[in-house]
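Hi,

Here is the structure I promised to pass on. Have a look at it first, and then read my notes underneath.

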Amino acid sequence: MDFTAIDFETANSSRSSACALGLVQVREGVITAEHAWLIDPQQRFDGMNIAIHGITPSMVQGKPTFSELWPTVEPLLQGEIVIAHNASFDMSVLRYCLDDSSRSYPDFQYLCTYLLGKKMLQELPSHKLNVVSEHFGIKLKHHDALDDARASALILLKLMEQWQLFDPLQLAGSQGYKAGTMYAGGYTPFKAPPKKAPKKPPAPKAAAKPGTPVVSGMPDTVIPSAQPQEWSPAVPLPPAMNPSLVPQDIPELIRGQRVDIGNNLSASSLLVSVEWNPLEPSLELDASAFLLRDTGRCEQELEFIFYGNIADPSGSVLYSKPAPNAGHLILQLSKLPVAIERIVLAFTLYGEVPGQSLGQIDHASASLIDAKTGKRLASFPFGQHLSLETAVVIGEFYRYKDNWRFVTVGAGYEGGLRALCNNYGLEADPNGGAAESESAATVESAAKTSPPAHRL
């Protein structure tokens, strides 16, 4: 029953912006040590994040950077069984901070109490940290890093007691999970081994209709013709993709994973295809993109790309709606104005209808596609951990050393499109569009008035 629980808080949506770390050591089933640190992320603080955890830039002035703190933290993690609630988030923060500090990864195994709770506490309506803590009678000041780490430790102890399995690795194994690992050369995620699907007989090949393009390099896969558009972008959109016709043997990204555009994903123009399957037919859902400057905000309304504004001023980011349950965004990253430093991809529930949430979809994924050939390069199933949220940040494209990278995020928020618009410097109008905000202070004030749920 020896393990160490951790929890990170971040200053903004970047996983390298750790601003707080809580760490709790458990020995023989008893908490023996607790540590809490504020960290200077040397990055901006977003109003939404401040509203969540209450940490402000002034509070981290004079505090150590992650690189300065790491020699103190590393011995507390090395060789340990490390746990976290929604470990994919905390482990990705750790990796990003280590990468940005040019430090090697420590060696340890890790577990996720969120995923264990989903398997072992199926009677609960949600498995967020505050919900599971309340179930076990654990006091919690949510999004305080030390409180969150302590609650994660106590939840694991409760689960071990409930199942009378007092080895964390044995408990995970009893639920079909294999411990994640971090090591000097990389990491493996905490996950259940995939079940082998029964082999199916090959489907008969369908002949393409005359004039219908066939995707290069993807035999027998037909792409329907594109729907006519009401505008003529500098770069035409590729034909609409039919998800049911696309082979599934493509790399599947996990939360917090980063890839270099131009290396791992070599495409001169990229199509992001967001697809979902709603359980409730009345749900109105869609994808969108925020083009952000170095301030972390959209400076004008036209830098928010959605069904009401289908192209940015440069024609580098374009929107289309190929099907009721799909949204397309085509990106010409090399042609973006140099002032645009990040593109945030979002998926939101339209309007604020009581009782509706993203928990009412049973599948949502984003695929990165070579827009010239139609070849799918990678996919990210971002809808796996959603429940009461009404918006989710799928991921971000960002500039890094004169190149572009893509990072998967999968962070859910309450407040829908309005909350995301407010966070990125725009005021959402009642009709679902956006109007320019008066100042960043307006955004921060609005976020504090109605703080959204950031992560589990």
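Below are my notes on two helices, a sheet and some cysteines. Keep in mind while reading that this is a predicted model.

Let's start with helix α5, which spans residues 113-120. Six of its eight residues are buried, so α5 is largely enclosed by the rest of the structure. The buried ones are T113, Y114, L115, L116, G117 and M120. If you want to see what sits over them, the covering elements include two strands, β4 (81-84) and β5 (108-112), as well as two helices, α7 (145-163) and α8 (168-174).

Next, the sheet. It is open and has six strands, running in the order β8-β18-β17-β14-β10-β11 with antiparallel pairing. At the edges you'll find β8 (258-261) and β11 (304-305), each of which pairs on one side only. The partnership between β10 (residues 285-292) and β11 is antiparallel and rests on two bridges. To find the spot on screen, look for F290, whose bridge partner in β11 is F304.

Helix α9 packs on this sheet, where it touches β10, β11, β14 (342-349), β17 (391-400) and β18 (403-413). The direction of α9 makes about 160 degrees with that of β14. As for burial, α9 covers residues 416-423 and is mostly covered itself, with seven of eight residues buried. Those seven are G416, L417, A419, L420, C421, N422 and N423. After the helix comes G425, which has a positive phi, near 95 degrees.

Finally, the cysteines, since you may be wondering about your reducing agent. How many disulfides does the model have? The count is zero, going by a cut-off of 2.5 Å between cysteine sulfur atoms. Take C19: why is it not bonded to C97? The C97 sulfur is the closest cysteine sulfur to that of C19, but the two are 9.9 Å apart, which is too far for a bond. C19 also counts as buried, because its relative accessibility is 0% and the cut-off is under 20%.

C421, which you met above among the buried residues of α9, is in no disulfide either. Its nearest cysteine sulfur belongs to C298 and lies 8.0 Å away. Like the others in that list, C421 is buried, and its relative accessible area is 0%.

Cheers

Notes
Residues are numbered from 1 along each chain as its sequence is written. This is a predicted model: local features need pLDDT of at least 70, side-chain atom pairs count only at pLDDT 80 or more; totals for chains, interfaces and linings use all residues. Side-chain values use heavy atoms; hydrogens and water are left out. Buried means under 20% relative accessible area, exposed over 50%, partly exposed in between (1.4 Å probe, protein chains only). Helices (H or I, at least four residues) and strands (E, at least two) are DSSP runs, numbered from the N terminus. Contact means heavy atoms within 4.5 Å. Two strands pair if DSSP finds at least two bridges between them. Axes are lines fitted to C-alpha atoms, for helices over the stretch in contact, and angles run from 0 to 180 degrees between N-to-C directions.
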